[in-house]
Amino acid sequence: MSHSGRRVTWRSTTLLVVAFGAACALVNVMPQGTILEQPFLVDGHVGETLDLDYAELTVTEVRTADTLASSQPAVAAGTFLVIDATWEATEGETYFAGAEVVDSQGRTHWPTSRGGCTEGTGSQPGYAWRTTYCFDVPRDALAGATVRLARGTHVHDDQAGQRRDAVAVVDLGITRQEADELWEATDEIDVDAPGFASATTNADEEGEG
Amino acid sequence: MKHARNADADLVLRLLHAVADAVVDGMSTTQRVVVGGIAGVFALTPFGAWDAVVVEPEPLVAGEEIEVGPFDLTVVRAVVADELGFVKPLEEGNRLLAVVVEVSNQGEKPAHQGTLVDAIPPPADAGIVPRDTQELLPTVLGVADATSVDVFNPGLPYRMALIWEQDGAWAQDEITVDVAELTWIEEDTTFQLDDQRWFAYGEVLYRGRLAVETGNDQ
């Protein structure tokens, strides 16, 4: 009885083992967690419109307040960092769930829904949607803070909600001196309800005229 | 009869000894050590060898700061009232019990309100009754503005009231407040739920008696 198939030689076995080892090494060495799964960060500053592929985002204004006036006023444990932004979806109806402030110490701060503020918002192509995020932060979180806005959330370290997706990182432009001034201010802000950015702008212009 | 009982006992002991010798002689040293260990544990059973280790909670004192999970936490006081802010009892005749705490998240990430709720279970001796669900979950409000704070951002001092509905017949001067241990779950391989969260397994870290004040809208 003879075998008609190809013989398994030491050379082919060695090649197979080497190829398998190289593949394992490649999978282990490739920095999947630190590079391949990272979101695409789009840096910007206040007033700049950022293209995130799925939306255009503009952080229009940054303010602080100790109290958010509304039907049920909210009092800050620190101070409210109030960030106005406009979203315009470019691919389809999109919900923008990711919002957090990252301070210079690397701490993250989430927004509140108190005082009429928003934790997340949605829009469709064809119009810009204005919304306001409010973050209750301590004094030492103001200087050098950035706001990170995206459609995906960033709850866990594994970046699951923002994996290989565009994320805006907007420098709020707060210097140490400005941080002290913002902290000392005892303003009360009446947060506007979310709405069409263009309609609001037109109404403001008519009001001023 | 006394001698007869002793003779019977000697016979039993001699028989047991003979059986033990026969068994042990056929064993290696390792087997002898293992069997000896098992026999030792069984011998200690009446003295609690199988009982779970009970760790007594440390004393909880009002006004003293403790560390629990991501929080520096101070239990401030307990108040019983007919109404607290906009919160009213669902059942007529019931009252509200509020445990007021100061809490500061010392971590680098926000902590959910539920993490605080997990750390402070409903006082067992305070006549707590369910509100809208069968669970004895409290309403959690900020003392400064009576709004619900969903997350505790790092580095901020929050004064919160955990409010439960209380049976109207309850009439005591003190309650027992427990603070449960919070364990960090980096990766949930047990329940396959969310990773990177605090979880309370139910072990009480601190326990103390707290005087109950009476008042309204405090």
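Colleague: What makes Asp51(A), Asp53(A), Glu56(A) and Glu91(A) a patch of negative charge on the surface?

Modeller: In this predicted model, these four residues gather in one such patch. Asp and Glu count as negative, and like charges are joined within 9 Å. Glu56(A), in strand 3 of chain A, has a relative accessible area of 35%; a patch residue needs over 30%, so Glu56(A) meets that condition.

Colleague: Why is Arg107(A) called buried?

Modeller: Its relative accessibility is 10%, and buried means under 20%; therefore Arg107(A) counts as buried. The value for Asp103(A) is 4%, so Asp103(A) counts as buried too.

Colleague: How do you know that Arg107(A) forms a salt bridge with Asp103(A)?

Modeller: The closest N and O atoms are 2.7 Å apart. The cut-off is 4 Å, so the pair qualifies.

Colleague: What makes Arg95(B) and Asp82(B) a salt bridge?

Modeller: Their closest N and O atoms are 3.0 Å apart, which is within 4 Å. Arg95(B) lies in strand 4 of chain B, and Asp82(B) in the loop between strand 3 and strand 4, 13 residues apart.

Colleague: Why is Arg95(B) called partly exposed?

Modeller: The relative accessible area of Arg95(B) is 24%. Partly exposed lies between under 20% and over 50%, so the term applies to Arg95(B). Asp82(B), at 37%, is partly exposed as well.

Colleague: How do you know that Glu174(B) forms a salt bridge with Arg209(B)?

Modeller: The closest N and O atoms are 3.3 Å apart, again within 4 Å. The pair links strand 10 and strand 13 of chain B, 35 residues apart.

Note on methods
Residues are numbered from 1 along each chain as its sequence is written. Chains are lettered from A and ligands numbered from 1 in the order in which they are written. This is a predicted model: local features need pLDDT of at least 70, side-chain atom pairs count only at pLDDT 80 or more; totals for chains, interfaces and linings use all residues. Side-chain values use heavy atoms; hydrogens and water are left out. Patches are made of residues with over 30% relative accessible area and no salt bridge: like charges are joined within 9 Å, nonpolar side chains (Val, Leu, Ile, Met, Phe, Trp, Tyr) within 5 Å. Accessible areas come from the Shrake-Rupley method with a 1.4 Å probe; for residues, only the protein chains shown count as cover. A salt bridge is a side-chain nitrogen of Lys or Arg within 4 Å of a carboxyl oxygen of Asp or Glu. The place of a charge is taken as NZ of Lys, CZ of Arg, CG of Asp or CD of Glu. Helices (H or I, at least four residues) and strands (E, at least two) are DSSP runs, numbered from the N terminus. Buried means under 20% relative accessible area, exposed over 50%, partly exposed in between (1.4 Å probe, protein chains only).
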